[in-house]
Each structure stands twice: as C-alpha cells, then as structure tokens.
Amino acid sequence: MWRLPRALCVHAAKTSKLPGPWSRPAAFMSTLLINQPQYAWLKELGLREENEGVYNGSWGGRGEVITTYCPANNEPIARVRQASVADYEETVKKAREAWKIWADIPAPKRGEIVRQIGDALREKIQVLGSLVSLEMGKILVEGVGEVQEYVDICDYAVGLSRMIGGPILPSERSGHALIEQWNPVGLVGIITAFNFPVAVYGWNNAIAMICGNVCLWKGAPTTSLISVAVTKIIAKVLEDNKLPGAICSLTCGGADIGTAMAKDERVNLLSFTGSTQVGKQVGLMVQERFGRSLLELGGNNAIIANVLYGPLHTKQAVSMFLGAVEEAKKEGGTVVYGGKVMDRPGNYVEPTIVTGLGHDASIAHTETFAPILYVFKFKNEEEVFAWNNEVKQGLASSIFTKDLGRIFRWLGPKGSDCGIVNVNIPTSGAEIGGAFGGEKHTGGGRESGSDAWKQYMRRSTCTINYSKDLPLAQGIKFQ
C-alpha cells in the first residue's frame, strides 16, 4: 500500500540508493528464497535475484533497491529496483505517446488484445497464484483465485468491448440528432494495495484498456515482485502484437511516485486503492487540479471468524493486531478466544473473538486489517441496522435471515448503506459482474462490472443539425 512520505514501507527494506549494476556479497544473495531449489518456479515468471521495477516499453529503474519478504517466515525473496522521479517522468511521456496509437485501434480489436492477456494469465495461473501466496501471504487457493479474477475480468472486458457506447436520444428539434458519445479519458493511473496485488489492478486495467486508455501502475512496495511478474506477462502480449509496451506501464515505488501521480495533470484518472487516511490525501491532491479519481478505500465489515487463513502481511500488521486487542480490553471488551501471536516463524496470529464492547466503541469502528471479530447483542432490526450504518466505512455488509420482509428492508432505503449488501453469504469476495466499491469513507469508487466502465471514459452530448434551419432549443426565437 502507498504509505506516507516518512517511510517507504516497514516490510520492504531499503538497501541501495545508487543507480547502475548491483553488487551484493555472494553469501547474502544465496539467502534469497529465489535461489533455493524449492522456489525455482519463481524464475518461470521471469523473476531474478535483482529485478527492474520500471516498464514503459523497456525495463529499467534508477531508484532505491528494496527487498521483499515472505510473511510466512520473514525470509527475503528477491530484490526490486524502484522507479525514480525521473523514471516516472519518462514513463508518463511514453505512455501518452502510446495512447495516440492505442486510442485509434477499434474497441473490439482492443478487446482481442485483452483476451490474449487473459489467456496468458491462464497459462501462468498456478505459478502466479503461488507468488501471491509467497509474497502477500494469502493461502494458495486465494492466491490462485485472485489471478482467476483477473482472467475473468478480461473475459468480461472482451464482451464489453463490443457493447460500450451511448444512446441516440430523441431531439425536440426536427432535422436534429442527439447523440451521447463516450471517449477514453487518456492515461489512467492505478495505485493498488498489498491485500489484492493482482485482482484490483486487473479490474482497472482490463476495463480501462478496452475503453481506449493506457495504464500506469504503481503497486505496493511490499508486493513489488507480483507487480513485475504481472507486467512481464502483459508486456509479452503487447510486444507479440507489435504494440507499444507503454500501453501498460509500471513504476514500482513509494510515496514519492504516488504523490507525483496524484498531482500530475497528465494523469487523466487516478484509481487509488488503500487506506481511508491516505485516500483523503489523494482525493484532495487530485481535486486540487480538478482531476478525476476513483477511490476504493477502507472497509470494516466483520462477520465471520475463519480458521483457514495465512499470516498477516508484515510485522507492523502484527503490532497493529496486538494494539487492537489491548485497546478492545481498555474499552471494556473481553477476549473470549485468541488474542495472541502464534509461537512459530512468520506473522501468524490467532483468530480472535471479542465480546462486551458497546456498539459505538472506537476500536470497533477502526479498520484493523486483522482476524478480530467483535460480537454485539441487539434487541431489534431497527437498532442493528442503525449500528451497521453508523460506521464511517461503507464497503460491505451482510445479514443472515430467512425472513423475506427483512431481506428487502435490508436492501431498501432504510437498510444497509454499504456499496455491497449481501444476504445469507459472508462479506468476503464479490463476483466481477457487479460493480465493486463502497460508500462514505470507503470513497464511493466503483470497479469491475456493471457500468463501472463509464468512470474510465468521458461523456459528450453531441447535437447534429442535418436540416437547413437553425432552430434553438426550448422553442426560443430571437426576433
């Protein structure tokens, strides 16, 4: 996740500020997981001990070198050289040049390129899913499922490439046609968080591409290897089709690159996924230049405590978990299960259940990013609906009931105010056919299905006069 300027990332260690060839002691290099036989599959993704984190038709990078770690054991995986501000400037220029070519390609043919990207991801789904599990910390089936989500959105986008467009509207003036024309915005900047390092980029990338946009991606520093691996797959498809690689550019980096994207008027739409705190800063920076942003920010939707899950992503996340448990106790809560760090390698914590808190306890309204479930007793439907809606975040919500009336009240104007409202299923996961995103402090952005494609385009209302007269609307006559 893009962090504040004071630190690039706790878990991605800085190691060099010098550009040029890397020189590391052989003993250090041998400790990288990528050099161990059981992780040889990483090289199937084109990854090496040292990886360039900038792609704009060619690979490079003149920024800091970071090491990414496996949260299951906190061992180093490999290294990535991040983008410098100069790399960013060069990449934006190349991306905007590439747009001139990409925008001229008919939408169905753009869809064909996206189809090929989906097929290329299919071929690498197991090994790429394994990388998601290794670097992000998800269990393997979730890692593979995240890549599958990118594949699915590519399939969705292929069909959409033949259907996007606006209506021909009835004009009140004879001999006139009123047309709603949709055109690409241009350059779409995509900043993604560590928790969904593949799928969120896929939602944005596939739809933005068929709309005629080019993309510039900055993933989380702690999942830089995933960003590089995904981009290598896409780059090969573009290169095989003799298209500019800068159509799907990559600038791995920290807050300096994220800030540059937010302030850059050449970035026509900035899609940001991350915390509400940072999202507020992003929104203000983009709004200050009258730019467009798509914000998918924090959630706080606890409903079920799973016992099958991976480690927390970083050591910092473990500290935040412990801090949340202690805060819950201070506010009157009782830990009835869990609450401890597991005595084993990696960032593993116990699933935790807390009771006894008031519904308005500050810790219960805080997004912790940890397996903590707060349990509340309620008296009636109206009361618990209000408790759901009093939380500032509004991403997802769920109710379990067989009462048909309650179901429709939950879905109605006095029910849940979240962007995703479920019945008899948990809050995790969402199908690509529906728009994904939330209300209130979650930012209001929508990605993936439904009519989310409209956010990646600009709308023009066009009037064509094919008569010999010049009538005005509303019957106005100047006499």
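Domain bounds here come from an automatic or database domain assignment. Keep that in mind as you click around, and remember that this is a predicted model.

**Stop 1: colour the domains**

Select residues 34-299 together with 456-460 and give them one colour: that is domain 1. Now pick 315-392 and use a second colour for domain 2. If you mark the centre of each domain, taken over C-alpha atoms, you'll find 33 Å between them.

**Stop 2: where the domains meet**

Zoom in on the place where your two colours touch. Eight residues of domain 1 are in contact with seven residues of domain 2. Between them the domains bury about 590 Å², with 48% of that on carbon and sulfur atoms. Which residues of domain 1 lose the most area to domain 2? Show A72, N74 and G299 as sticks: together they account for 55% of what the domain 1 side buries.

Hunting for salt bridges between domain 1 and domain 2? The count is zero. Try polar contacts instead, where four residue pairs link domain 1 and domain 2.

**Stop 3: the seven-stranded sheet**

Switch to cartoon view. A quick reminder before you select anything: strands of a sheet pair through backbone hydrogen bonds, either parallel or antiparallel.

Follow the open sheet of seven strands across in the order β4-β3-β11-β10-β9-β12-β13, and note that its pairing is mixed. At its edges sit β4 (59-60) and β13 (292-296), each of which pairs on one side only.

Next, select 187-191 (β9) and 269-273 (β12). How do β9 and β12 pair, parallel or antiparallel? They run in the parallel sense, over four bridges. For a close-up, click G189 and look across to L270 in β12, which stands opposite.

Now add helix α2, residues 85-102, which packs on this sheet. Helix α2 touches β3 (54-55), β9, β10 (214-218) and β11 (248-251). Compare the direction of α2 with that of β10, and you get an angle of about 155 degrees.

**Stop 4: the three-stranded sheet**

Finish with another open sheet, this one of three strands in the order β7-β8-β23, with antiparallel pairing. Its edge strands are β7 (168-169) and β23 (457-465), and each pairs on one side only.

Select β7 along with β8, residues 176-184: two bridges join these antiparallel strands. What is the bridge partner of L169 in β8? Show both side chains and you'll see that L169 is partnered with L178.

Conventions:
Residues are numbered from 1 along each chain as its sequence is written. This is a predicted model: local features need pLDDT of at least 70, side-chain atom pairs count only at pLDDT 80 or more; totals for chains, interfaces and linings use all residues. Side-chain values use heavy atoms; hydrogens and water are left out. Two strands pair if DSSP finds at least two bridges between them. Contact means heavy atoms within 4.5 Å. Axes are lines fitted to C-alpha atoms, for helices over the stretch in contact, and angles run from 0 to 180 degrees between N-to-C directions. Buried area is the accessible area (1.4 Å probe) that two parts lose on being put together, summed over both. A salt bridge is a side-chain nitrogen of Lys or Arg within 4 Å of a carboxyl oxygen of Asp or Glu. A polar contact is a pair of N or O atoms within 3.5 Å; within protein, one must be able to donate a hydrogen and the other to accept it, and residues adjacent in sequence count only if both atoms are side-chain atoms.
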